[in-house]
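Me: Could you walk me through reading a model like this one, feature by feature? I would like the general idea each time, then the case at hand.

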Amino acid sequence: MPGRMTLKLLFESGFSHHRAGRVADAERIYRQILAQNPDHVDALHLLGVVAGQSGRFDAAVELIQRAIRLKPDCAEAHGDLGEIFTNFGHLNDAIDSYRQAIRLKPNLALAHCRIGNALKGLGQLDEAIAACRQAIRLNPSFGEAHSYLGDALKEKGQLDEAITS
């Protein structure tokens, strides 16, 4: 049990660094955790997020997919994988990942919002608008969803609605 508690505290420290934007510190701690427990799902997942934030696409995808293989029902990992795919221009893969996140957690507003952005990137404006509206239904004060909805409405030529959004 002491080892488990140590890893828990170590992870909390890494996550705290990550949230504060100290990505290098977070990465060092996540790697330290994985040296002790190579199958620590949360450390794999968030190390993948760090890799994506650092521009290392292949490492990001490999780490998050490894976490998903260990815990396939982690909607957040599927959503973060979608975000990695989106950021590197792999929109169809992103949409697949977001859809999996939504299947696992239908009320995950972030996944609805971000699938809307990816769909907009593919020119699927009606679907993008519907996804963003669903995100807003789930979280009416979600600024990112309002922004993406406004962008999609603008592209569709619905300027009054875009301005309102």
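The dialogue below goes from the whole chain to single residues.

Me: Before we begin, what should I know about the model and its numbering?

Reply: This is a predicted model, so local features need pLDDT of at least 70 and side-chain atom pairs count only at pLDDT 80 or more, while totals for chains, interfaces and linings use all residues. Residues are numbered from 1 along each chain as its sequence is written, and side-chain values use heavy atoms, leaving out hydrogens and water.

Me: How many helices and strands are there in the chain?

Reply: Helices (H or I, at least four residues) and strands (E, at least two) are DSSP runs, numbered from the N terminus. Here the chain has 10 helices and 0 strands. Its C-alpha trace spans about 60 × 25 × 25 Å along the principal axes.

Me: What share of the residues in the chain is buried?

Reply: Buried means under 20% relative accessible area, exposed over 50%, and partly exposed in between, with a 1.4 Å probe and protein chains only. By that rule, buried residues make up 46% of the 165 residues. For contacts, the criterion is heavy atoms within 4.5 Å. Among contacts in the chain with a separation of 6 or more, 41% come from residues 24 or more positions apart.

Me: Which residues have the most contacts inside the largest nonpolar core?

Reply: In soluble globular proteins, nonpolar side chains tend to be buried together. A nonpolar core is a set of buried Ala, Val, Leu, Ile, Met, Phe, Trp, Tyr and Cys residues joined through side-chain atoms within 4.5 Å. The largest one here has 55 residues, and Tyr 30, Ile 33, Ile 64 and Ile 115 have the most contacts inside it. Helix 3 (residues 41–53) gives the largest share of this core, 8 residues. Take Ile 64: leaving aside neighbours within four places in sequence, its contacts include Leu 44, Val 49, Ala 77 and Ile 84.

Me: Why is there no disulfide between Cys 113 and Cys 132?

Reply: A disulfide is a pair of cysteine sulfur atoms within 2.5 Å. The sulfur of Cys 113 is 5.5 Å from its closest cysteine sulfur, in Cys 132, which is too far for a bond. A search of the whole structure finds 0 disulfides. Cys 113 is buried at 0% relative accessibility, and Cys 132 is buried at 1%.

Me: Is Glu 83 buried or exposed?

Reply: Glu 83 counts as buried because its relative accessible area is 19%. This residue lies in helix 5 (residues 75–87). Beyond its neighbours within four places in sequence, Glu 83 is in contact with Tyr 98 and Arg 114. Thr 86 has its place in helix 5 too, and it is buried at 15% relative accessibility. With neighbours within four places in sequence set aside, Thr 86 is in contact with Leu 91, Ala 94, Tyr 98, Asn 117 and Ala 118.

Me: And Lys 120, where is that residue found?

Reply: Lys 120 is found in helix 7 (residues 109–121). It is buried, with a relative accessible area of 16%. Not counting residues up to four places away in sequence, Lys 120 touches Leu 125, Ala 128, Tyr 148, Asp 151, Ala 152 and Glu 155. The C-alpha atoms of Lys 120 and Leu 91 are separated by 9.7 Å, with the two residues 29 apart along the chain.
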